[in-house]
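Q: Could you take me on a close look at one strand in this model, starting with a residue pair inside it? I'm new here, so please follow the links outward from there and explain the terms as you go.

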Amino acid sequence: MSEQERAARRQRLEVLREAGCEPFPARVGPWQPIAALRAKFDGFDTETLEEKAERTAVVGRVIASRSFGKLLFLTLLEDGERIQVSAKKAQLTPELFQFMKGLDVADFVRVEGLVWRTRTGELTVDTEDAQLLAKALRPLPEKWHGLQDVEARFRQRYLDLLVNEDARRIALLRSRTLRAMRDHLDSRGFIEVETPALQPLYGGAAARPFETHHNTYDQRLYLRISDELYLKRLVVGGLDRVYEIAHNFRNEGVSRKHNPEFTMMECYQAFADYRDMMDLSEAMLRDIANTVVGGEQLPYQGGVIDFKGPWPRVTLRDKLLEGTGIDIRANADLPSLLKAADEAGLSHGDAPNWGNLVDDLFSEYVEPKLIQPTFITDYPVELSPLAKRLPDDPNFVERFEVFIAGMEIGNAFSELNDPDDQRRRLEAQSVARDEGDEEAHPLDEDYLRALEHGLPPTGGLGIGVDRLVMILADAPNLREVILFPHLRAES
């Protein structure tokens, strides 16, 4: 916006004030939603509207203005719906007509008058009275064509929502997704709970936390990386089916599928295991797709994702063997796995242990190819300090991740409820931390004490809400589905 245009708008603001018009009034008179107005009158022809001669009032933001000398047309936008209003010089006082002509695009106004239809058939409200509701000191993006700068869209999401229909569509779809998720869990007897976002000791995932400080208690606190350990404390306390849709915070990289602040649904069910969680997640995600998108086959980035089941259930070992030719059971230590990867010509980082190298190879060579919904099961114990071991192989645990469109959407365990085994695992994580693994899980004595009071066999499941919405909305990037994604500071 030019300084000249900004100055002109401020000058019109002062003119309004000098004329006794409050540009930011505290009250709005009675009005009818544009959607309700259209539902009532869209089916009426010109003659019927003239016979009814019904008076109404609408409110909205001016998004277009057309002047034909003695006749003025404005388009108002309210809650995603549009209506045309007219102002006829011959029927209005000079002051009111001049007021209508002086409205800027982006101003908010209330217009009251009769409903009629123009010669072109456009449903219109004819101005008999009007009230300025808010004066806009900046215009909308040029010519109503939308924001062209991608980063500007995310920094100024309010404008993105106004001028890009797809941004509004995604915001509404996200809301419907959360509602459908809650409805499905509620129907299964789960109760929604809340756990602390500020935690004296973070846990429940392998991630680096954000730190903060509580001034009154002079206490270091962490923004949660997961709500898992608190939710399982509730199961210990007798709340057998609980869930939370929570904001988590992980001090990690940013990419098209990573944001440091993200939304996750976690649920825990007593007297269940990871197989029950597979059944739950498949049924819930299919139900959400049907409810939100209206079907089980979804377009995604030029392809089609089919939510119709049953979804394949494949062990991590078998899928990695298929994708790389490496059998991780035959290469069950770090040196032999490194050697096998080098001989296969596979790139790999400097993983601190065997389990992390398995994860790196899987993420690089298998995960991007998992387009259709697929359960990958039975993970190395090093990657899963909170999950039960497989009965027939203590080096692996009862865990699965569900992948869709080349992304992990969900993660689940048969929760480890043996307090002694849990202590040994967390102590091993402490050693890994001392050796430089910044994402190793801290040892939580209070959680161990809770386990000693008895946790029943429990299945736990986490679903990444942002990535799920990406798929449902056919969006290529997390930033499209998070209303205010984290960005670098503006220079």
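A: Let's start with L461 in β20, which is the bridge partner of A412. That link belongs to a set of 5 bridges joining β20 (residues 458-464) to strand β19 (residues 407-414), and these two strands run antiparallel. Before going on, a few ground rules: this is a predicted model, where local features need pLDDT of at least 70, side-chain atom pairs count only at pLDDT 80 or more, and totals for chains, interfaces and linings use all residues. Residues are numbered from 1 along each chain as its sequence is written, and side-chain values use heavy atoms, with hydrogens and water left out. The strands here are DSSP runs of E, at least two residues long, and helices are runs of H or I with at least four, both numbered from the N terminus. Two strands pair if DSSP finds at least two bridges between them.

Back to β20: is it buried or exposed? Of its 7 residues, 7 are buried (under 20% relative accessible area with a 1.4 Å probe and protein chains only; exposed is over 50%, and partly exposed lies in between). So β20 is largely enclosed by the rest of the structure. In a regular strand, side chains alternate between the two faces of the sheet. In β20, T458, G460, G462 and G464 point one way, while G459, L461 and I463 point the other way, and all of them are buried. So our starting residue, L461, sits in the group with G459 and I463.

β20 also pairs with strand β12 (residues 261-270), in the antiparallel sense over 7 bridges. There, T458 in β20 stands opposite A270.

Follow β12 and you reach strand β11 (residues 241-249): the pair is antiparallel, with 9 bridges. Here V242 stands opposite Y268 in β12. For β11, 7 of the 9 residues are buried, so β11 too is largely enclosed by the rest of the structure. V242 turns up again on the way to the next strand, as the bridge partner of I191. That link ties β11 to strand β7 (residues 191-192), and this time the pairing is parallel, over 2 bridges.

Next stop is another sheet. It is an open one with 3 strands in the order β8-β10-β9, paired antiparallel. The edges are taken by β8 (198-199) and β9 (211-214), each with a single partner strand, so one side of each is left without a neighbour in the sheet. Between β8 and strand β10 (residues 219-223) there are 2 bridges, in the antiparallel sense. One residue pair to look for is L198 with L223, its bridge partner in β10.

Now find the loop between β8 and β9, which is where A206 has its place. Unlike the buried residues of β20, A206 counts as exposed, because its relative accessibility is 52%. Its C-alpha atom is separated by 10.0 Å from that of Q429, although the two residues are 223 residues apart along the chain.

To retrace the path: L461 pairs with A412, T458 faces A270, V242 faces Y268, and I191 partners V242.
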